[in-house]
Amino acid sequence: MLAPSADVDRDAALARAYEDAGVDVLAVPEAYGVDAVSWLGYLASVTDRVQLMAQVLPIYSRTPALTAMTAAGIDRVSKGRFALGLGVSGPQVVEGWHGVTYDAPLGRTRDVIEICRKVWRRERLEHEGAHYRIPLTGGTGLGKPLKIVDKPLRSRIPVYVAALGPANTRLTAQLADGWVPFLYIPERADVVWGEALARGTEERPAELGPLEIMAGGPMAIGDDVTHKRELDRDHLTMYVGGMGARGKNFYNTVVRKYGFEAEAEQVQDLYLAGRRAEAAAKLPAALLEGTSLIGDTSYLKDRLAAYRERGVTVVQVQPVGDDPIRDLRLFREVLDNC
C-alpha cells in the first residue's frame, strides 16, 4: 500500500525502491483525502514493472461509466499494469463526504462490475439494472446508447472487490477477478467467509478462472520485532470501534465472529464514548498477531503456509520495520522459497 503524501518526489523514489525490492503490486487507497486516480497515473510514469491497483475506489463517488473510463485510462498509461479495486466504503464517508445516499451496496456493486466490463468490450452501453439504467429513462429523453470512443488497451481489466459481509463476499466470489478482505486471519477466515465464498464459487462462470485472494497486514522481519504489532493497535481500534454505528460496524462484526465477542463490544463501547486509549487497550493481542506478518523468518514461513492453505494468492504487506526495503527483499526471498 502506498498512500498519497505531500512529498511527491519521496514517494516516487519509494515506489521505485519497492519495485526493485521485488514488490509485484503497488496499491493506492482512496478515502476522503487526495484521490487515488491522479496518484496512480503518476506512479505509472515512474515505475516499469510493478502492477498498480486502486484499493479501493468507492462505487458511489463516480458513475459506473466514469469508473470504467478511468480504469481504461490508467491501464493505458501504465501499459496494461492496472487492476481496478472497488468497494462500498461506508455511510460516514459516502453520505458525509460525497453527499449521496448509501443504499443497495450489493446491487450497485453488481451493476458497476457489469457496466465496466461492457464498456471495456466496447459494447454500446445499455444496462437495465435495479440501480443504474443506461441510457437514462426520463430526463430529456435524448439519451442514446454509446460506446467508448477510445479503444481500451485491454478488454478485460482485473476487478477486485473489498468485501466483508457474507452477501457481498458471495457476490465477489461469483463475479470479480479478486477479493480483498480486511482483518484477515487465515486460521479463522472460514468461520466468517467460508460459506459465502463456497456459494459464490459455485455460481462463478468458468471463463473468469479461479478467484484471486489478496490478504495480509503489517510486516517486519527479525528476531526481536514482535513489539511492532502494537503499531497497528490504534489503527485497528478505529475500525473495530468507530467505523459505523452500533450494529452497523462491519469490522466489529468480523472480530465478533472470530470469537472475540466480549472484546469487540468493549472496544466499541469505549470508542463511541470517546475513551479511545482505553478502547485500544482492550483490542486482543491475538487479533494484532493474526492480522500481521511480524516475526522471524521461521514464523513468517508458517504464516505464509497458513495463507496458502486458505487460498490466498497475493500477500499484501505494509512494511513497518526499521529497514523496510531490506525487509521487503527478505520477504520476497522467503516467499519465493516457500
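Helices (H or I, at least four residues) and strands (E, at least two) are DSSP runs here, numbered from the N terminus. The model is predicted, so local features need pLDDT of at least 70 and side-chain atom pairs count only at pLDDT 80 or more, while totals for chains, interfaces and linings use all residues. Residues are numbered from 1 along each chain as its sequence is written, and side-chain values use heavy atoms, with hydrogens and water left out.

A good place to start is the second largest pocket. On a 1 Å grid over the protein atoms alone, a pocket is an open set of points where a 1.4 Å probe fits, with protein on both sides within 12 Å along at least five of seven lines; its lining residues have an atom within 4 Å of a point. This one holds about 610 Å³ of space, a volume being the space filled by probe spheres set on the points. Its lining is made up of 33 residues, and Asp 24, Val 25, Val 314, Val 315 and Gln 316 lie nearest the centre. Among the elements that give two or more residues to this lining are strands S1 (25–28) and S10 (314–319), along with helices H13 (297–309) and H14 (324–336). S10 gives the most, with six residues. By class, the lining has 24 nonpolar residues (Ala, Val, Leu, Ile, Met, Phe, Trp, Tyr, Cys and Pro), four charged ones (Asp, Glu, Lys and Arg) and five polar ones (the others, Gly among them).

H14 deserves its own look. Its 13 residues reach 18 Å from first C-alpha to last, close to the 18 Å expected at 1.5 Å a residue, where the expected span is 1.5 Å times one less than the number of residues. Its buried residues (under 20% relative accessible area, 1.4 Å probe, protein chains only) are Asp 327, Leu 328, Phe 331 and Val 334. They sit on the same side of H14, because they cover an arc of only 125° around the axis, taken from the directions from the helix axis to the C-beta atoms. These buried residues pack (heavy atoms within 4.5 Å) against H1 (8–20), S8, S9 (293–295), H13 and S10.

Then there is Trp 39, found in helix H2. Trp 39 counts as buried because its relative accessibility is 8%. Val 8 is 31 residues from Trp 39 in sequence, with 9.3 Å between their C-alpha atoms. Leaving out residues up to four places away in sequence, Trp 39 touches Leu 2, Ala 3, Pro 4, Ser 5, Val 8, Asp 11 and Val 28.

Methods: Buried < 20%, exposed > 50% of the residue type's maximum accessible area, 1.4 Å probe, protein only.
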